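Subject: Handing over the structure

Dear colleague,

I am passing this structure on to you, and my notes on what was found in it follow below. Please have the sequence open beside the model as you read.

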Amino acid sequence: MIARLTLIVGLAGVMAACQTARFGGQPQQREVVRDLEPGPSAPSGIVMAEPLGAPGSDRIDDFPDLEPRMSGADERQQTAALSEPEQQRSRLSRTSLVGSWNASEPGGGSCRVTLSSTPALDLYRASASGCSNQEVASVNAWDLRGSEVYLYKQGGAVAARLQASRASMNGAISQSGAPLTMSR
């Protein structure tokens with residue numbers, strides 16, 4: 001009994017030694033991970049464009065003058081930079097499309113489609129009233145992807161896909177391919 005106990009304790013010691021020494025006799029070393037120190041921040045000064053110097057010239061005199069100056073070209077660049085946010089504001093957004101739209105259905109009928117800003121999972125709520133076309137009548141959600149408006153029917157299928165502007169949308173009903181136009 002004592003011999004067995006001695007054998008079990010000895011085998012347990014050998015097993016423990018094998019696990020820590022990994023059979024090579026050397027204890028396993030762990031890699032220390034250190035946090036990186038923050039580097040220098042990016043410059044935030046004025047960016048100017050100048051033509052490059054001749055190839056192979058690496059004299060310091062060939063570098064462009066970095067002093068600000070106001071010439072006719074710089075004023076045009078500054079005007080272009082100021083007008084850019086105006087163009088971005090005129091881009092189509094979901095909020096610019098929210099509201100009631102008059103839909104011209106295939107066959108000459110018309111009805112009302114309302115696009116809401118109320119979220120419905122990853123889409124937005126929509127409703128249709130007075131529509132004779134079943135695809136348009138079943139619209140209950142919508143989304144804007146680029147400049148295209150997708151109208152979804154109950155169940156998640158695309159009912160119609162329209163190219164949108166602020167005042168009108170033109171496209172087709174998905175199932176039949178019939179044209180669909182919506183205007184304010």
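In which sense do E6 and strand E7 pair, and over how many bridges? E6 and E7 (residues 168-173) are antiparallel partners, joined over five bridges, where pairing requires that DSSP finds at least two bridges between two strands, and where strands are DSSP runs of at least two E residues, numbered from the N terminus.

Before going further, please keep in mind that this is a predicted model, in which local features need pLDDT of at least 70 and side-chain atom pairs count only at pLDDT 80 or more, while totals for chains, interfaces and linings use all residues. Residues are numbered from 1 along each chain as its sequence is written, and side-chain values use heavy atoms, with hydrogens and water left out.

To return to the strands, Ala160 has Ile173 in E7 as its bridge partner, and three residues lie between E6 and E7 in the hairpin that they form. E6 (residues 158-164) also runs antiparallel to strand E5 (residues 148-153), to which five bridges join it, and Glu148 stands opposite Gln163 in E6. The hairpin of E5 and E6 has four residues between the strands, and in this hairpin Gly155 takes a positive phi near 105 degrees.

The largest nonpolar core (a set of buried Ala, Val, Leu, Ile, Met, Phe, Trp, Tyr and Cys residues joined through side-chain atoms within 4.5 Å, with buried meaning under 20% relative accessible area, using a 1.4 Å probe and protein chains only) has 22 residues, of which Leu97, Leu115, Leu151 and Met169 touch the most other members. E6 gives the largest share of this core, four residues. Beyond four places in sequence, Leu97 has contacts (heavy atoms within 4.5 Å) that include Leu115, Trp142, Met169 and Arg184.

Arg184 itself lies in the segment after strand E8 (179-183), and counts as partly exposed because its relative accessibility is 43%, which falls between the 20% and 50% limits for buried and exposed. The side chain of Arg184 reaches the backbone oxygen of Ser96 at 2.7 Å and the backbone oxygen of Val98 at 3.3 Å. Arg166 is also among the residues in contact with Arg184; these two arginines are 18 residues apart along the chain, and their C-alpha atoms are separated by 8.7 Å.

With best wishes

Methods. A polar contact is a pair of N or O atoms within 3.5 Å; within protein, one must be able to donate a hydrogen and the other to accept it, and residues adjacent in sequence count only if both atoms are side-chain atoms.
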